[in-house]
Amino acid sequence: MRIQLTELTYEEVEHYAVNNGIRNNDDIHRLWRYSQGHPLTMSLFAFFLQEKDRAGSAMEFSDHEPLHYIIEQWLREVPGVGMRPIIEAASVLRYFNQESLSFVINEEISNADFRRLVRFSFVRKVDRGWTIHPLMRDSINKELFARAPKHYEQIRNHAMRYFYQSLLENHSLGSDDSKEMYELQSFIGDALIRSFLNWFEVEPRRFEPIGEYGLEELERYVERRFKEAKDSQIELYDLHSNQYFRYHISKKEACYTAKWLDFRTLFSLGYDVIRVMRDNDGSIIGLATIIPINRKTLPYLRECPRGKAYFTGLSEEQVRRFAVPENERAGWFIETIDTVDYSDKSQQTAVGYLLYSVLLSGELVIESPAPLPYYIDTHLSLGFEIVPHGTHTNYDGITPTPTFVLNLDKNKLLRKAQKMLQISQPLGDLMNVETFQVSPQSAAHEMTQTMQGDNLHASLTAREREVANLLEEGLTNLEIASRLFVSEATVKKHMKSMLHKLGAANRTQLLKKLMRH
């Protein structure tokens, strides 16, 4: 009998566990983490936990053992071997449809085969297509990467090409491309960004605006946050680099993002600056305050604890650039993004999507997050730069806390993908390309070729690459500093570092080396 994928809530999984004699909180959390509410996965994993409890300390198993058994049960649904290549390709994609799968396997998938695929119990419908259950997807990726690494890279490169082409087509049509850009990051981002995207859910919860009518509810939320704060452990893994990332956030640190929220003053600014995330019962489980920067909001930004250090230290020229009319904005200041549970995947997925939607606005983004490795590492991986005059100790009175800035250029991400895919045409020439055809032989060697051809830029930091791109545009050091909202001395420091890394004697030689690659 085939069990359909019908997701259960955490509370339902917990109730099931207790009814089956599983009362250890760590085991219950483990059951939820691996099943994500999938009934078959939950029941099979619960069986292993029950057996462990019966055997006591005499029996121990790794997570791999029950997971391997679960995957084998799922694969019994798949008739023969004809569907396996399609399932492998679908597992590399976070979400898929008939068109994307056909592109990735370089072969037209019949309507009958696609209907057969989406009827498997480990496949579910999502907003923009279908997705493989995370456990199944992770297991297939690991097995394929170990068994046939060149074939795995070929599928990844085809997937990257699909989203790259989709972005070009959307860009030429002027349509929203945020989801394609988000997916492209799962291929071109660094190991930490890839591990986050692999952890994140395909369909996130959403943050929605809230007005003054919600003032009391917001105040109750903050009060509850401080009362119910708990330690959190976040564990991430990137298959491609075989790197693990582990972050611990203490009960005290978990409250940093809920501090100093003056809701009345924020509402008085007159913009929808406060957004909330709700659970299935309608209760607030997260909030964000994201403020447009203009002449009306500057006084608040100069006084708020997270923004004071940076905005009071601006030069006269920077103040003029920020003091745009009230109906305009010179960028965004992310005051805070807070959630009830840092280890909850669905909540952190919502945070990731919200943050990325702001970054993809293409405007300047400024933020001074809590001084925790979890935030610092993430912002640096996203390409944020620490500004020289924005450091403060307001979170705990002791720990130096930097201010980050980023002005994300979508074309830079496209150029990065273009380099990784070894596409030589200028972006403008690719706007109307109908399709990319890749032979299996060339695709199998793409990653190796990319690593050899991209060594020059690989040694540069994210900010050095930004400086390099502006240098290629012909900007002076002062103009680069103004564009990136840093000092001219900082730009000179990056130039000196690039001269050393690239073996250039002067600015002209550096530019020639950059233009060649």
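**Exercise 1.** Which residues line the second largest cavity?

*Solution.* The model is predicted: local features require pLDDT of at least 70 and side-chain atom pairs pLDDT 80 or more, while totals for chains, interfaces and linings use all residues. Residues are numbered from 1 along each chain as its sequence is written, and side-chain values use heavy atoms, leaving out hydrogens and water.

Step 1. A cavity is a set of points, on a 1 Å grid over the protein atoms alone, where a 1.4 Å probe fits but cannot get out; a lining residue has an atom within 4 Å of a point.

Step 2. The lining consists of Arg-94, Tyr-95, Val-126, Asp-127, Arg-128, Lys-179, Glu-183, Val-202, Glu-203 and Tyr-353.

Step 3. Ala, Val, Leu, Ile, Met, Phe, Trp, Tyr, Cys and Pro count as nonpolar, Asp, Glu, Lys and Arg as charged, and the others, Gly among them, as polar. This lining accordingly has four nonpolar, no polar and six charged residues.

Step 4. The space in this cavity is about 70 Å³, a volume being the space filled by probe spheres set on the grid points, which are joined across faces, edges and corners.

**Exercise 2.** Describe the largest cavity and its lining.

*Solution.* Step 1. Three cavities of 30 Å³ or more are counted, and the largest holds about 420 Å³.

Step 2. Its lining comprises 29 residues, with Val-351, Gly-352, Leu-355, Thr-378 and Leu-382 nearest the centre. Two or more lining residues come from each of helix 10 (178-188), helix 11 (191-199), strand 8, helix 17 (345-359) and helix 18 (373-382). Helices (H or I, at least four residues) and strands (E, at least two) are DSSP runs, numbered from the N terminus.

Step 3. By class, the lining of the largest cavity has 16 nonpolar, nine polar and four charged residues.

**Exercise 3.** Trace the open sheet from its edges.

*Solution.* Step 1. Seven strands form an open sheet in the order 3-6-7-8-9-11-10, with mixed pairing; pairing requires at least two DSSP bridges between two strands.

Step 2. Strand 3 (207-209) and strand 10 (385-386) are the edge strands, each pairing on one side only.

Step 3. Strand 3 pairs with strand 6 (residues 274-278) in the antiparallel sense over three bridges. Here Pro-209 stands opposite Arg-275.

**Exercise 4.** Is Leu-117 buried or exposed?

*Solution.* Step 1. Leu-117 belongs to helix 7 (residues 111-118).

Step 2. Leu-117 is buried because its relative accessibility is 0%; buried means under 20% relative accessible area, exposed over 50%, and partly exposed in between (1.4 Å probe, protein chains only).

Note on methods: 1 Å grid on protein atoms, 1.4 Å probe; cavity = no way out; pocket = protein on both sides within 12 Å on 5 of 7 lines; lining within 4 Å.
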